[in-house]
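Please read the sequence and the model below together. The paragraphs that follow start from one contact and work outward to the rest of the chain.

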Amino acid sequence: MLTSKNNVVVEAWNTTTTQTQMQTPHRPSLLHPTFYWSYNCEVLFHGWPGSSRSMYALALLFVFSLAFLAEWFTRCSDAAASIKPEADKVAKVAFRTAMYAVKSGFSYLVILAVVSFNGGVFISAILGHAFGFVVFRGRAFRKVGRVDG
């Protein structure tokens, strides 16, 4: 560690902090650097789901639904590309942009949920995306003779 007047440079991370920041006590964090398997976690919102198993199950269902709906919005965005050619061009662009924005918002919420590093949340997100893909974009459910690009 190198020091100069009021700054401390930590060589391992190449960051600079002031002496007063070094003296403040470290606040424990709920973030884990590895996956953990517990229902006592925080997902997306402060204090939610808390330490209740039923609320944790609701959080898993919520993450699953977000991932599932993100796949649905992806499918809707793909389908929006085939809107009637005579439709208003500005309306088509606005609709496709709105669908993309909503899909992106849902996808980012799933990412933020997974950043909790809770194993159940991670598996719930993966299953939601996988189930959504099978239902909305899998070949088994496509109409015969339809070509999707």
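In this predicted model, a polar atom of the S116 side chain lies 2.7 Å from the backbone oxygen of A113. S116 is found in the loop between helix 3 and helix 4, the latter covering residues 119–136. Is S116 buried or exposed? S116 has a relative accessible area of 6%, which is under the 20% cut-off, so S116 counts as buried. Apart from neighbours within four places in sequence, S116 is in contact with Y36, E42, V43 and V121.

A113, the partner of S116 in that polar contact, belongs to the buried residues of helix 3, which also include M99, K103, S104 and V110. Helix 3 runs over residues 89–114, 26 residues in total. At 1.5 Å a residue, helix 3 should span 38 Å, and its end C-alpha atoms are 37 Å apart, so the two values agree.

The loop that holds S116 also holds F117. The phi of F117 is near 60°, a positive value in a residue that is not glycine. Most residues other than glycine have a negative phi. F117 has a relative accessibility of 29% and counts as partly exposed. A second residue with a positive phi is L44, where the angle is near 70° and the residue is again not glycine. L44 sits in the loop between strand 4 and strand 5, with strand 5 at residues 49–50. Its relative accessible area is 27%, so L44 is partly exposed.

With these details in place, the whole chain can be set out. The secondary structure comes to four helices and five strands. Along the sequence they follow the pattern β-β-β-α-β-β-α-α-α. Of the contacts with a separation of 6 or more, 53% are between residues 24 or more positions apart. Buried residues make up 25% of the 149 residues in the chain.

Turning to the surface, the chain exposes about 10,800 Å², and carbon and sulfur atoms supply 65% of that area. Which residues form a nonpolar patch on the surface? They are F35, W37, F122, I123, I126 and L127, with about 620 Å² of accessible area together. Within this patch, W37 is placed in the loop between helix 1 (19–23) and strand 4 (41–42). W37 has a relative accessible area of 64%, over the 50% cut-off, so W37 counts as exposed.

Charged side chains come last. Side chains of opposite charge can pair when their charged atoms come close. How many salt bridges does the count come to? The count comes to one salt bridge. The side chains of R137 and E71 form a salt bridge, with 2.8 Å from N to O. R137 lies in the segment after helix 4 and E71 in helix 2 (residues 53–80), so the pair ties together parts that are 66 residues apart in sequence. The two partners fall in separate burial classes: R137 counts as partly exposed at 25% relative accessibility, whereas E71 is buried, with a relative accessible area of 10%.

Technical notes: Residues numbered from 1 in each chain as written. Predicted model: local features only at pLDDT ≥ 70, side-chain atom pairs only at ≥ 80, totals over all residues. Heavy atoms only, no water. Helix = DSSP H or I, 4+ residues; strand = E, 2+ residues; numbered from the N terminus. Expected span 1.5 Å × (residues − 1). Buried < 20%, exposed > 50% of the residue type's maximum accessible area, 1.4 Å probe, protein only. Patch = residues over 30% accessible without salt bridge, like charges linked within 9 Å, V, L, I, M, F, W, Y side chains within 5 Å. Areas by Shrake-Rupley, 256 points an atom, 1.4 Å probe, with all protein chains shown as cover. Salt bridge = Lys/Arg side-chain N within 4 Å of Asp/Glu carboxyl O. Polar contact = N/O pair within 3.5 Å; in protein donor to acceptor, adjacent residues only side chain to side chain. Contact = heavy atoms within 4.5 Å.
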